[in-house]
Amino acid sequence: MIAPAKTELVTVNIDGKEVSVPKGTNVIEAARLAGVDVPHYCYHPKLTIVGNCRMCLIEMGMPAVDPATKAPITDTATGKQKINWIPRPQIGCATNASPGLHVKTNSPMARESREGVTEFLLINHPLDCPICDQAGECKLQEHSTAYGRGYSRFVEQKNVKPKRTELGPRVTLDDERCILCSRCVRFSKEVAKDDVLGFVDRGSYSTLTCYPGKQLANNYSLNTVDICPVGALTSTDFRFKMRVWFLKQTPSIDPESSVGANTEVWSREGVIYRITPRQNDAVNDTWMADSGRVLYKQVKADNRLLAPTINGAATAAQMAIKAAADLLVGRVVPDEPRGKTAHPEDSPYRNGIAIVGSGRSSVEEQFLTKKLADALKVSAQLVSRVGAGDKILVSADRNPNVRGALVTGLITALPASQLTSLAAGIDAGKVKTVLSLGEDLTAAGLTAAQLAKVSIIYLGTHKNATSDAAKVGIPTLTVFEKSGTFVNQQFRLQKFAKAVPGPAGINDDLVTLAELVAAAGGGMVSFDLGTLWTAIAAAVPALASVSYASLSSTGLLLDATPWAALPFVEGETLHFKPAAVPAAVA
Amino acid sequence: MIELWNSLHPLVQAVIKGLAVIGVMFPFGGACSLVERKVSAWMQGRPGPNRAIPFWFAWVPVLGPFLQKLGVFHLMADGGKMFFKEDPVPGHVNKFYFYLAPVVGMIPAFTTLTVVPFGAYLDGAGKLVPLVLANLDVGILAVFAVSSLGVYSLILAGWASNSKYPFLGGIRASAQLISYELSMTLAVLPVFLVVNPPGGSGTLSLFQVVEFQSGTWQGFTFASLHGLWFGLTMPVAAVVFMVALFAETNRLPFDMAEGEADLVGGFHTEYGSMKWGLFFVAEYSNMLIGSGVFVLLFLGGWNPLPFLPLASVVGWLGSHLSPLFLHPIAMGLLSIGVFLGKALFLIFVFMWVRWTVPRFRYDQVMKLGWQKLLPLAIGNLILYAILIAIFQAKN
Amino acid sequence: MAYVVERKPLTLSERMYIPQILAGMRVTLKHLFAPNVTMQYPEERPAIPTGYRGVPTLVKDPNGREKCVSCQLCEFVCPPKAIRITPGSVEDQPDRTHVEKGPQAFDIDMLRCIYCGLCQEVCPEEAIFLQNQYSMTGYTRAEMVNDKARLYELGGTLPDQHFKWDKKKDAAEHGNAH
């Protein structure tokens with residue numbers, strides 16, 4: 001890890017430019033602050049420094065002082081203090097800033113050193129760029145363009161190594177391309193805490209390998225692919241699928257748990273090809289879990305709901321929404337005064353309506369669900385989804401947005417994993433209609449017999465027992481097909497953007513909810529994010545100053561004190577310490 | 001035969017004559033369009049239309065490939081297409097005038113043909129009789145009077161199309177025709193000044209003009225002038241008439257009415273199929289009549305060469321080769337051949353010029369007509385009037 | 001920079017039109033009798049010069065092996081986006097051990113292709129060539145899209161100068177002697 005930043009600033013001179021940096025910052029980072037890029041392979045800001053690639057060689061010097069008196073020695077020619085340059089190049093990554101440090105990143109010696117390093121790296125590097133998945137985002141390619149000689153002086157036969165070593169279920173190693181930077185080794189050891197990688201053999205026989213009997217199978221193995229500066233480690237899933245220069249990047253959020261790891265969704269022409277982490281030093285650094293990277297497959301899954309249904313028969317979206325509205329509004333007792341907020345203690349299923357919201361819905365959807373619940377004078381409930389936290393980037397709460405429901409006021413207490421109260425209500429005949437926002441009610445403890453007793457309106461993306469039992473089914477969009485926000489375990493409001501268009505004929509969830517709200521007499525609400533957020537900011541005190549457009553890509557930390565007393569289930573993860581003792585993990 | 005003809009009712013005669021004109025002029029218009037395509041192709045180094053042939057005709061040896069190369073079947077296919085293809089009438093046009101315009105175009109084209117003599121024969125009394133459908137004494141006046149009606153067709157087409165480009169084309173056509181008609185008429189006047197000596201009963205008959213040019217060599221005397229064609233004695237008048245003729249027939253370089261480059265198709269932009277075809281039959285008919293009138297006025301009509309009138313040729317042939325040549329029909333055919341040869345050559349000149357000279361700009365057309373040709377024609381008229389006054393006074 | 005070209009004043013004969021027109025008519029008359037310069041296309045075919053850019057095709061190496069490795073550089077560089085490749089991995093073949101990648105599908109839409117030759121220029125494997133074929137016709141849009149099989153059929157085999165993969169195989173068998 002990078003040395004902890006100290007508040008003490010020192011002034012260093014990089015390529016003749018004075019820049020103040022925290023003391024102990026290495027030269028690569030200091031140069032970055034000065035707007036200078038120092039090429040490097042093995043250095044990674046989130047990993048320890050080993051200095052084995054020798055690409056970041058720079059020239060350094062210190063102000064000259066008289067050894068005896070410690071008095072500065074002045075250069076007579078310029079009238080300034082003389083600089084004693086070290087006659088050999090130094091590596092930038094392991095050189096820390098100290099007062100008066102002078103650095104030349106682009107001197108003839110530095111350039112020549114890099115050219116030498118590059119030539120050696122390329123001696124045995126295969127001419128694989130046309131078939132290499134790293135091409136286009138390859139550091140070796142970039143630095144060879146800047147420091148390579150354009151032809152090889154190596155006349156001997158190149159080293160040939162295995163091309164397709166399976167290091168684990170998700171990672172394939174191409175040994176020929178490896179430049180032995182050891183980033184993957186350090187990552188496994190330091191971040192994933194699964195020390196399985198190492199080098200064996202010497203010289204040009206050196207090979208990356210797993211320890212005998214082990215494999216790179218942890219849930220963070222694909223991060224080694226991300227940090228590999230060349231094409232040695234490749235994702236088996238993404239292998240040969242698409243060249244990266246065709247892919248469009250869309251900032252998104254990993255919805256698999258309440259960590260809310262920031263991600264980048266790579267798509268081309270409406271098809272997602274891969275998901276990689278997006279750096280957010282307050283949430284996930286530059287990492288994400290493998291399990292979050294395959295979620296894009298749900299977009300094209302076979303069991304995706306693609307058509308609105310009434311009693312199982314496909315229909316038009318407008319018809320389905322109307323049928324849903326009829327089911328809901330038909331049960332509202334007309335003589336009751338409108339606008340009165342329902343009290344869940346009094347009448348959880350007033351008029352026989354129950355709303356099961358979702359911790360997977362975005363803040364905007366939860367806000368509209370709340371509006372709908374208010375208009376129908378009922379209270380909504382959520383289903384909690386708890387798994388084991390891995391103390392890195394997957395937390396115990398597998399709903400990405402339970403805190404969003406708290407912030408918008410959809411719920412006031414933490415949800416349970418079983419809908420026992422609803423089950424009892426159905427059995428007692430008090431509930432006639434259930435609106436489920438993507439929650440599988442059978443998974444939440446309801447039986448098929450109970451589902452058969454009520455009219456279910458199901459808004460969801462994929463087929464399940466509840467969608468099969470639904471009277472009205474309205475398909476919705478996955479997180480990759482819509483824009484919105486999540487509130488993660490730190491109460492950090494983070495936004496995700498639409499990466500690909502949804503299937504033809506499927507409305508955005510917000511459109512469906514807004515129409516239901518309007519039909520239920522909750523007034524016209526906008527489904528456009530910009531306008532909707534002005535309504536949210538007006539209605540929700542915690543979000544009073546927020547707008548979707550101005551929300552920064554690293555998120556906005558909300559005030560968590562109103563909910564500090566709630567027994568959240570999350571344990572400790574990267575950049576997160578639970579405030580209270582977590583409740584027993586279910 | 002002549003008796004049979006004369007015994008027919010005048011109305012029947014007129015119908016037969018009219019049908020004859022139509023039967024000649026329509027194929028002639030089509031043939032002209034083929035010739036136009038071939039001439040332009042050859043001038044541009046291309047073979048021109050040479051593909052179409054009915055499959056059964058391809059079996060005919062020699063003749064089949066020859067006609068195919070000549071593009072004759074293209075001509076037939078074009079004609080057939082024009083008759084049978086869909087005839088779209090745009091919704092925004094004035095239907096009555098839209099349909100009327102091509103018909104109006106045909107009327108002067110065919111009517112003028114009746115007064116143009118295309119040959120002559122000696123009757124039993126040794127008198128030269130013209131071959132003409134209607135031997136009017138007003139001759140040239142009738143030609144000018146009727147042919148200038150042709151412009152109404154273009155104006156009608158342009159106006160009835162109710163569309164900007166045809167409208168502009170129609171307007172340009174009318175302006176151009178008015179401008180050049182003046183020069184044309186003035187260029188012809190000296191010819192008739194010469195033909196009609198003062199004191200005698202005058203004539204405007206084109207036949208008389210040809211008669212005037214049928215002289216023989218009489219030594220260096222004024223009488224020898226009768227052997228010379230007016231094209232040689234009045235070159236300026238001939239040139240002015242020729243240029244005005246180009247303008248009157250809307251041929252390049254005076255293609256103002258059509259103006260593909262700036263007016264899409266000019267007056268006929270909205271026309272299609274046979275209605276469009278009628279405009280072109282009319283154009284080629286006008287070309288033929290114009291050429292014919294030019295031949296009669298300035299190139300000695302059916303006299304083969306200057307100082308060599310038709311009568312002498314026939315007489316020589318009859319005495320040296322066969323008396324058969326003295327038969328009126330043989331003589332008539334010979335005169336028609338000479339006349340048509342000259343006229344067709346002029347039509348070739350029309351095409352030749354078209355594929356040589358680019359189109360004038362509209363202002364250049366106006367300038368040329370009013371500022372160059374008109375003064376030239378007037379000057380020419382005055383010059384010949386003076387010359388005639390001097391020389392006839394001497395005689 | 002714009003500059004004004006002075007026009008020569010017209011001479012008298014030029015201003016009179018007639019001599020100029022006659023000179024022009026002399027030229028056209030000459031051409032009237034000159035031999036034709038056109039080619040009777042379907043029967044006569046033009047001689048294709050070397051370096052001609054015809055229909056883009058995929059070629060095989062002299063051993064009849066697929067050269068394209070589906071790097072998609074041609075798809076990237078193609079200005080009208082006529083090329084569409086679906087990449088995929090290929091099975092290990094005994095004589096091509098190190099080629100891991102090849103096109104599953106390779107479509108060139110000849111309705112879009114502008115025959116610029118950038119695909120040929122960019123190809124790192126020298127697998128795509130614009131050859132002599134210049135006449136593409138079809139009754140449907142689908143017919144005008146050349147798929148992989150058609151591209152290889154059009155392309156045939158061209159001599160190889162580099163033998164990259166043969167060298168690689170040689171290095172695998174005899175190398176590592178360091």
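B:Trp42 has company from another chain: leaving aside its neighbours within four places in sequence, B:Trp42 is in contact with B:Pro47, C:His31, C:Leu32 and C:Asn36. Keep in mind that this is a predicted model. There are 2 pairs of chains in contact, and chains A and C share the most contacts of these. Chains A and B, on the other hand, have no contact joining them.

**B:Trp42 and its surroundings**

- B:Trp42 sits in helix α2 of chain B, which runs over residues 10-43.
- Is B:Trp42 buried or exposed? Neither label quite fits: B:Trp42 counts as partly exposed because its relative accessible area is 34%, and that class lies between the 20% and 50% cut-offs.
- One of the chain C residues that B:Trp42 touches is C:Leu32, and C:Leu32 turns up again in the next group.

**Where chain C meets chain B**

- Chain B puts 18 residues into this contact, and chain C puts in 15.
- On the chain C side, C:Tyr17, C:Met25 and C:Leu32 supply 36% of the area that chain C buries against chain B, more than any other three residues.
- Chain C and chain B bury about 1,400 Å² between them, with 66% of that on carbon and sulfur atoms.
- How many salt bridges link chain C and chain B? The count is 1.
- C:Glu43 pairs with B:Arg51 in a salt bridge, and the closest N and O atoms there are 3.0 Å apart.
- Polar contacts between chain C and chain B come to 6 residue pairs, counting pairs with both residues at pLDDT 80 or more.

**Where chain A meets chain C**

- Here 24 residues of chain A are in contact with 29 residues of chain C.
- If you're wondering about the units, the size of an interface is often given as the accessible area lost when the parts come together.
- For chain A and chain C, the buried area is about 2,200 Å², and carbon and sulfur atoms give 52% of it.
- The salt-bridge count between chain A and chain C is 6.
- A:Lys163 and C:Glu100 form a salt bridge through their side chains, at 4.0 Å from N to O.
- Across this interface there are also 6 residue pairs in polar contact, again with both residues at pLDDT 80 or more.

**Chain A against chain B**

- How far apart are the closest C-alpha atoms of chain A and chain B? They lie 40 Å apart.

**Chain A by itself**

- Chain A has 586 residues, and buried ones make up 53% of them.
- Its secondary structure comes to 14 helices and 24 strands.
- The C-alpha trace of chain A spans about 95 × 55 × 40 Å along its principal axes.
- Take the contacts in chain A between residues at least 6 apart in sequence: 65% of them join residues at least 24 apart.
- Chain A exposes about 24,700 Å², and carbon and sulfur atoms supply 57% of that.

**A nonpolar patch on chain B**

- Which residues form the nonpolar patch on the surface? They are B:Ile378, B:Ile382, B:Leu383, B:Ile386, B:Leu387, B:Ile390 and B:Phe391.
- Together these patch residues have about 570 Å² of accessible area.
- B:Ile390, one of the patch residues, belongs to helix α16 of chain B, residues 362-394.
- B:Ile390 is classed as partly exposed because its relative accessible area is 44%, which again falls between the 20% and 50% cut-offs.

Methods:
Residues numbered from 1 in each chain as written. Chains lettered and ligands numbered in written order. Predicted model: local features only at pLDDT ≥ 70, side-chain atom pairs only at ≥ 80, totals over all residues. Heavy atoms only, no water. Contact = heavy atoms within 4.5 Å. Patch = residues over 30% accessible without salt bridge, like charges linked within 9 Å, V, L, I, M, F, W, Y side chains within 5 Å. Areas by Shrake-Rupley, 256 points an atom, 1.4 Å probe, with all protein chains shown as cover. Helix = DSSP H or I, 4+ residues; strand = E, 2+ residues; numbered from the N terminus. Buried < 20%, exposed > 50% of the residue type's maximum accessible area, 1.4 Å probe, protein only. Buried area = accessible area lost by both parts, 1.4 Å probe. Polar contact = N/O pair within 3.5 Å; in protein donor to acceptor, adjacent residues only side chain to side chain.
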